[in-house]
Amino acid sequence: MIAINYIGQCGFVIFNDKVAFAVDPVLNDLVDENGKTIRNYPPVLAYDELEADYIFCTHDHIDHMAKETLQAVAEIDKETKFIVPAGCVDEVVGWGIAADRVMGLSDGETMQLEIGKLSVKGISAAHPVHQVDANGKDHNLVYCFELEGKKLVHLGDTYMTEQLEKALRGLGHLDVLFPPINGRDEEREAKGIIGNLSCEEAAQLADKLRVDLAIPTHFDMVEGNTANPFDFAEALWNLNQENKCWIPTLREQYVVM
């Protein structure tokens, strides 16, 4: 049994009886340049309620790699380890989190973690294109988690590219796919919001990969950057009525057997 709990935006807590890990948890407020909150709802967990052996962040945007959240959790739980793209390690360490608790992952690299026989593979995300920094390090990753013989792929933020689709196909059968669905447009791009897969693109990807379950992300938390997850569900159903998805509500749990 693997339990998946939704905590908002792209944030999930995933666990079984041996290991618990969180992906992109954002448990602090997010504010604009005027100090006004841009969250559509308050955090669903207090810092001390996030119990995780590992915290993964897909990239260094504030709605994915949240400084206040990581600092608070690191202070509360001294055993939690943090896994981020290799190009983000120095930033997280610079926030005061001990270097021996922060691990970097690169495109194509697989990491075997001590607790719960959890493994994770990093895959380059296109946000908005595939790129590395001047030191050849990734800042934006997709994660493929393997646990109890299941493969769960969290796309973080990404556009669709041939490179990404090829990498995802190379993983073999996928049990769960977490695609972002908020799309992109000129108005948001003018504000520096890069955007993501649209509902239709995410559905097409899930259908092509023949995933057992698709769970849409990035549709509800940030003001002005939302989407209707039922549009994704409809697009997925129209492609193949055997496709399955779960539209999560806050703090709701789905169990993968």
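A search of the whole structure finds zero disulfides, a disulfide being a pair of cysteine sulfur atoms within 2.5 Å. The structure is a predicted model, in which local features need pLDDT of at least 70 and side-chain atom pairs count only at pLDDT 80 or more, while totals for chains, interfaces and linings use all residues. Residues are numbered from 1 along each chain as its sequence is written, and side-chain values use heavy atoms, with hydrogens and water left out.

Two cysteines illustrate the absence of disulfides. The sulfur of cysteine 88 has its closest cysteine sulfur in cysteine 57, at 8.3 Å, which is too far for a bond. Cysteine 144 is likewise in no disulfide, the nearest cysteine sulfur being that of cysteine 10, 17 Å away. Cysteine 88 is buried, with a relative accessible area of 0%, and cysteine 144 is buried with a value of 3%. Here buried means under 20% relative accessible area, exposed means over 50%, and partly exposed lies in between (1.4 Å probe, protein chains only).

Cysteine 144 also appears in the surroundings of lysine 151. This lysine lies in strand β10, residues 150–154. Strands (E, at least two residues) and helices (H or I, at least four) are DSSP runs, numbered from the N terminus. Not counting residues up to four places away in sequence, lysine 151 touches Cys144, Phe145, Glu146, Leu171, Gly172, His173, Leu174, Asp175 and Val176, where contact means heavy atoms within 4.5 Å. Which side chain of opposite charge is nearest to lysine 151? It is glutamate 146, 4.4 Å away, and lysine 151 is buried yet has no salt bridge. In the counting of charges, Lys and Arg are positive and Asp and Glu negative, whereas His and the chain ends are not counted. A salt bridge requires a side-chain nitrogen of Lys or Arg within 4 Å of a carboxyl oxygen of Asp or Glu, so the distance of 4.4 Å does not qualify.

Elsewhere, salt bridges do form, and a search of the whole structure finds seven. One of them joins the side chains of aspartate 17 and lysine 18, at 3.5 Å from N to O. Both partners are exposed, aspartate 17 at 67% relative accessibility and lysine 18 at 56%. Another links arginine 184 with glutamate 201, the closest N and O atoms being 3.0 Å apart. Arginine 184 lies in the loop between β11 (176–178) and α4 (186–190), and glutamate 201 in helix α5 (residues 199–209), so this pair ties together parts that are 17 residues apart in sequence. Arginine 184 is partly exposed at 34%, and glutamate 201 is partly exposed at 25%.

A further salt bridge brings together arginine 210 and aspartate 207, at 2.8 Å from N to O. Its two ends differ in exposure: arginine 210 is partly exposed at 47%, whereas aspartate 207 is buried at 12%. In addition, Glu165, Arg169 and Lys208 are linked in a network of salt bridges.

The next region to consider is helix α1 (67–76). Within this helix, Thr69, Leu70, Ala72, Val73 and Ala74 are buried. The buried residues of α1 pack against β4 and β5 (81–85). Tyrosine 47, in the loop between β3 (20–23) and β4, is partly exposed at 25% relative accessibility. Tyrosine 47 touches Leu27, Asn28, Glu68, Thr69, Ala72, Val73 and Ile76, not counting residues up to four places away in sequence. Tyrosine 47 and isoleucine 76 are 29 residues apart in sequence, and their C-alpha atoms are 7.9 Å apart in space.

The loop between β4 (54–56) and α1 contains histidine 61, which is partly exposed at 29% relative accessibility. Leaving aside neighbours within four places in sequence, histidine 61 is in contact with His127 and Ile194. The C-alpha atoms of histidine 61 and histidine 139 are separated by 9.9 Å, although these residues are 78 residues apart along the chain.

Finally, Met1, Val255 and Met257 make a nonpolar surface patch of about 310 Å². Valine 255 is found in strand β13 (residues 253–256) and is partly exposed, with a relative accessible area of 31%. Patches are made of residues with over 30% relative accessible area and no salt bridge; like charges are joined within 9 Å, and nonpolar side chains (Val, Leu, Ile, Met, Phe, Trp, Tyr) within 5 Å. Accessible areas come from the Shrake-Rupley method with a 1.4 Å probe, and for residues only the protein chains shown count as cover.
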